[in-house]
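Biologist: Thanks for sitting down with me. Could you show me the model, and then we can talk through some of its helices and residues?

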Amino acid sequence: MDPITLGIIVAVGLIVLMAIGTPIAFALGGVSLMALLYDRGMPELTYFGETFFERIAEFGFVAIPMFILMGAAVASSPTGRDLYRSLDLWMGRLPAGLAVSNIGACSIFAALSGSSPATCAAIGKMGIPEMRTRGYPDGVAAGCIAAGGTLGILIPPSVTMIIYGIASETSIGRLFIAGVVPGFMLAGLFMVWTIIACKLAGGYQNPAAEAAGRLKETVKANVDSNLKAVVRVLPFLAVVAGILFALYGGVATPSEAAGVGAFLCLALAILIYRMWQAGPIKLIMRDSLRESVMIMLVIACAEVFAYALSSLFITQTVAGAIADLEVNRWVLMGVINVFLLVAGFFLPPVAVIVMTAPILLPIILAADFDPYWFAVVLTINLEIGLITPPVGLNLFIIKGIAPDISLRSILTGSLPYALCMVLAIVLLCLFPDIALWLPDLIMG
């Protein structure tokens with residue numbers, strides 16, 4: 001059978017399986033197995049098993065469960081509450097200050113946890129009720145948290161960047177640092193839109209009244225408690241700074257840095273917040289194990305899927321067809337962006353990266369695009385998928401936090417932030433040094 005025809009059949013089979021509710025890992029593995037059996041017969045079962053286990057046996061993947069454990073230790077402790085209170089105290093004086101401080105809290109918590117769902121849930125549980133109490137529109141309250149949560153996969157340390165680095169055989173440390181400036185640029189765009197949206201809606205206290213109310217609250221509140229909240233958060237930020245220094249300075253590998261970071265964050269959570277009981281520790285370990293197994297299973301099955309596509313010459317045929325297109329390389333990049341955007345609508349970031357990296361990377365390199373710059377563009381595309389239907393994981397997390405806010409309000413509040421991400425991609429295309437300047441400065 002012609003490789004393109006076979007590829008279409010495989011793609012349709014995968015879509016059908018996912019549409020009927022089959023878990024992504026099982027859908028990938030099942031379609032791959034059927035395709036290989038059709039083309040090669042029963043002997044291919046041996047290679048199926050070998051490929052499944054061989055890829056996830058790489059030492060580099062140790063960093064994934066360690067960073068997940070690090071994020072779970074932060075997310076399951078009151079760190080998010082303290083971080084939220086600290087930033088609200090200092091940034092609340094800005095126009096639409098509470099919403100802006102929520103985005104700031106999401107940015108910093110993203111660096112601590114490396115997980116978009118964890119960031120969205122941890123800050124949203126405190127931020128959304130508080131914003132609604134102070135009169136902020138439901139759409140703004142839900143949208144700024146949903147969008148701020150997406151920063152978890154861009155601002156380092158990022159699990160998706162680790163997976164991209166392993167899949168593309170690029171430096172994870174350089175990938176991390178390439179995401180720093182774009183991550184905070186995106187947070188800045190979110191803040192600007194939040195201020196504009198609040199002024200357009202007019203449904204929040206005016207800055208003068210809000211500042212006066214905050215001054216009155218600050219006088220009445222226990223200032224020592226707020227200062228203690230700041231002090232409790234600082235050790236966690238120091239751990240993240242230490243991890244990044246170890247990676248960029250060549251002191252440790254990503255796996256070593258992740259292991260030390262996970263241990264320190266778990267120890268800090270226990271010591272600072274007195275989490276001595278077995279229950280909280282068990283919860284942290286359970287959540288870490290569940291997410292780690294899910295990600296590793298998706299990676300293993302996606303690797304088998306990539307092997308099947310390569311064995312059936314589907315990958316090579318598609319890559320060759322795209323490479324043979326006599327179009328400007330920016331037109332090619334536009335096509336790739338649309339493809340990633342659509343893929344992000346239906347699949348989680350991990351699945352998109354491990355499925356598309358073998359196909360897209362040769363094309364990117366042939367078109368003379370930088371793989372580290374492309375990693376940032378790819379990640380922002382996948383961030384858009386987190387706040388857009390039909391999957392939109394962050395949208396459903398917000399719905400779970402605030403069930404009385406309609407899904408329509410959450411969606412309409414989130415979509416302008418998706419446009420901010422599109423603007424960020426355009427800026428990165430116009431000025432690639434936004435992503436490349438800092439890695440070149442630090443790592444050469």
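Modeller: Happy to, and one definition will help us at the start: a crossing is right-handed if the near helix is turned clockwise from the far one by less than a right angle. Please keep in mind that this is a predicted model.

Biologist: With that in hand, what is the handedness of the crossing where H11 passes H21?

Modeller: H11 covers residues 180-201, and its axis comes within 10 Å of the axis of H21. Residues of H11 that meet H21 include Leu186, Phe190 and Trp193. The crossing of H11 past H21 is right-handed.

Biologist: Nice. How are H11 and H21 oriented to each other?

Modeller: Their axes cross at roughly 140 degrees. Angles over 145 degrees count as roughly antiparallel, and 65 to 115 as roughly perpendicular. The angle fits neither class, so H11 and H21 are oblique.

Biologist: And how is H19 oriented relative to H21?

Modeller: H19 packs against H21, residues 407-430, with the axes 9 Å apart and an angle of about 165 degrees. Because the cut-off for this class is over 145 degrees, H19 is, relative to H21, roughly antiparallel.

Biologist: Which residues of H19 make that contact with H21?

Modeller: This crossing of H19 and H21 is left-handed. On the H21 side, the contact involves Ala418, Met421, Val422, Ala424, Ile425, Leu428 and Cys429. On the H19 side, it is made by Trp373, Val376, Val377, Ile380, Asn381, Glu383 and Ile384.

Biologist: How far apart are the end C-alpha atoms of H19?

Modeller: H19 runs over residues 371-386, which makes 16 residues. At 1.5 Å a residue, the helix should span 22 Å. The model agrees with that expectation, as the end C-alpha atoms are apart by 23 Å.

Biologist: Which residue caps the N-terminal end of H19?

Modeller: Look at the backbone nitrogen of Tyr372, which has a side-chain oxygen 2.8 Å away. The residue that supplies this oxygen, and so caps the helix within the 3.5 Å limit for a polar contact, is Asp370.

Biologist: Is Ser255 buried or exposed?

Modeller: Ser255 lies in H14, residues 254-272. Beyond its close neighbours in sequence, Ser255 is in contact with Phe59, Gly60, Val62 and Ala63. Its relative accessible area is 7%, and the cut-off is under 20%, so Ser255 is buried.

Biologist: Last one: is Val251 buried or exposed?

Modeller: Val251 is found in the loop between H13 and H14. Setting aside residues up to four places away, Val251 touches Phe245 and Ala246. With a relative accessibility of 59%, above the 50% cut-off, Val251 counts as exposed.

How values were computed:
Residues are numbered from 1 along each chain as its sequence is written. This is a predicted model: local features need pLDDT of at least 70, side-chain atom pairs count only at pLDDT 80 or more; totals for chains, interfaces and linings use all residues. Side-chain values use heavy atoms; hydrogens and water are left out. Helices (H or I, at least four residues) and strands (E, at least two) are DSSP runs, numbered from the N terminus. The expected span of a helix is 1.5 Å times one less than its number of residues. A polar contact is a pair of N or O atoms within 3.5 Å; within protein, one must be able to donate a hydrogen and the other to accept it, and residues adjacent in sequence count only if both atoms are side-chain atoms. Axes are lines fitted to C-alpha atoms, for helices over the stretch in contact, and angles run from 0 to 180 degrees between N-to-C directions. Angles under 35 degrees count as roughly parallel, over 145 as roughly antiparallel, 65 to 115 as roughly perpendicular and the rest as oblique. Contact means heavy atoms within 4.5 Å. Buried means under 20% relative accessible area, exposed over 50%, partly exposed in between (1.4 Å probe, protein chains only).
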